[in-house]
Amino acid sequence: MSRIYLSLSEQNGSEIEYINKALQSNWITSGGPNVNDFEIELENYFGKDSFVTALNSGTSAIHLALIILGVKAGDEVICQSLTFSASANPILYQGATPVFVDSESETWNICPNYLEAAIKDRIKKGRKPKAIIAVHLYGMPYKVDEIHAIADRYEIPIIEDSAEALGSNYKGKKCGTFGAFGIFSFNGNKIITASSGGALVSNSKELKEKAIFYATQSKDNAIHYQHSEIGYNYRMSNICAGVGLGQMKTLKEKIELRRNNHLFYQEFFLDVEEAELFEEKNGNYFSNYWLNTILLKSNKEKNDLSEAFENANIETRPIWKPMHIQPIFERYPYYGGKLSEKLFENGLCLPSGSNLTAHDKKKIENTLRTFFNKR
Ligand SMILES: *Cc1c(COP(=O)(O)O)cnc(C)c1O
């Protein structure tokens, strides 16, 4: 009995051509023609005034965004608590202090009320935050209008963690293009992959060049190796970029397939009172539905359902455990209530890959049917 996974990468066959081109031309290093072409593809995708730097991970993209925004040791950076640890770790790389903020219930992302309360309180303490990291979790856009209005009012730049949200948009504008920086991940389980990789999106050529400078060991303009700033080895490899270039060909299709998975779950959960499917709240939100998630009535229900899936050899996963209750982060300030904790305790991610077959869906549906006693 083959296992059904949460989210697997899927090739379309063109990846190998770009990899072969890299091998045949001996461009087997970081940077190179595939990297440049991948950046151009992404810039065309994001549209006018988007400048993309291809990097070796989404985590490095967040780190470089913080560096370029001038975040230094002792500074504070606000970060959505309900997220993957990669959103918050780069704050610690800089020796800065994360300040975590709870989610709101409509998009599960950073809550405007708690965000403003956090900013006001930090300013009162003489510690105005240097940046805000807001996340489009599971592909769902955060409350862009509200969050950016607050950030603008206090003149604090936003880093949009769009690692899970390639293809999502808010009021027709693509996620990752609202903030001072947008970041993306091309890790193996994301909507498209480069085997590993990331991208930093900004709105100027200067910022793009600055990111490339830091990502390639901060080499000064000199004939010998001269360095006046700390450098990083963060550039994307030309082989990985080949995978990414191939994957871009079917991005649109993959978004459609993931959204179709959502429709499948929507139909099932329509008349199930014991669980609530996480969905776009209105027409302003367009999610790529990277993962479909449901909220059960209790932690026990969630564990029981997860076990039922496991017995059927189907992978599920809990919602991200909030940062403010993680051992490495719990000592840092937190503004919020218990919502992100409740989502963690009662929420479950369901199989959502673009390669789920009709047969897989039948198996998933049967497991759900039995669990919820549905005819
Ligand atoms: C995957 C992910 C990242 C990190 O991306 P990597 O490419 O794995 O470094 C950051 N934030 C979120 C929300 C993610 O899901």
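This note goes through the predicted model from the whole chain down to single residues.

1. **Overall size.** The chain has 375 residues, and a compact globule of that length would have a radius of gyration near 21 Å. The chain has 21 Å, so the two agree. Along the principal axes, the C-alpha trace spans about 75 × 60 × 35 Å.

2. **Secondary structure and contacts.** There are twelve helices and 15 strands in the chain. Take the contacts between residues at least 6 apart in sequence: 72% of them join residues at least 24 apart.

3. **Burial and surface.** Of the 375 residues, 56% count as buried. The accessible surface of the chain comes to about 16,200 Å². Carbon and sulfur atoms hold 49% of that area.

4. **Charge.** The chain carries 42 positive and 45 negative side chains. The centres of the two sets lie 2 Å apart.

5. **Helix H12.** H12 covers residues 358-371, 14 residues in total. From first C-alpha to last it reaches 20 Å, close to the 20 Å expected at 1.5 Å a residue. Its buried residues are Asp360, Lys361, Lys363, Ile364, Glu365, Thr367 and Leu368. Which helices do the buried residues of H12 pack against? They pack against H9 (251-269) and H10 (299-311). After H12 comes Asn373, with a positive phi near 55°.

6. **Helix H11.** H11 runs over residues 339-346. Buried here are Leu339, Ser340, Glu341, Leu343 and Asn346. These buried residues pack against helix H10 and three strands: S12 (292-296), S14 (334-335) and S15 (347-350). H10 is also a packing partner for the buried residues of H12.

7. **Phe344.** This residue is found in H11. Is Phe344 buried or partly exposed? Its relative accessible area is 21%, and buried means under 20%, so Phe344 counts as partly exposed. Leaving aside neighbours within four places in sequence, Phe344 is in contact with Lys302, Ile319, Trp320, Lys321, Pro322 and Ile325. Lys321 is 23 residues from Phe344 along the chain, and their C-alpha atoms are separated by 5.6 Å.

8. **Phe213.** Helix H7 (residues 205-215) holds Phe213. With a relative accessible area of 23%, against a buried cut-off of under 20%, Phe213 is therefore partly exposed. Beyond its neighbours within four places in sequence, Phe213 is in contact with Ser218, Lys219, Asp220 and Glu229. Ala88 is 125 residues from Phe213 in sequence, and the C-alpha to C-alpha separation is 23 Å.

9. **Asp49.** Most residues other than glycine have a negative phi. Asp49 is not a glycine, yet its phi is positive, about 65°. Where does Asp49 sit? Its place is in the loop between helix H2 (33-46) and strand S1 (51-55). Relative accessibility is 48% for Asp49, while exposed requires over 50%, so the residue counts as partly exposed.

10. **Lys171.** Lys171 also merits a look at the backbone. Its phi is near 50°, a positive value in a residue other than glycine. Lys171 is found in the loop between strand S6 (169-170) and strand S7 (173-174).

Methods
Residues numbered from 1 in each chain as written. Predicted model: local features only at pLDDT ≥ 70, side-chain atom pairs only at ≥ 80, totals over all residues. Heavy atoms only, no water. Helix = DSSP H or I, 4+ residues; strand = E, 2+ residues; numbered from the N terminus. Expected span 1.5 Å × (residues − 1). Buried < 20%, exposed > 50% of the residue type's maximum accessible area, 1.4 Å probe, protein only. Contact = heavy atoms within 4.5 Å. Rg over C-alpha atoms; globule rule 2.2 N^0.38 Å. Areas by Shrake-Rupley, 256 points an atom, 1.4 Å probe, with all protein chains shown as cover. Lys, Arg positive; Asp, Glu negative; His and termini not counted. Charge placed at Lys NZ, Arg CZ, Asp CG, Glu CD.
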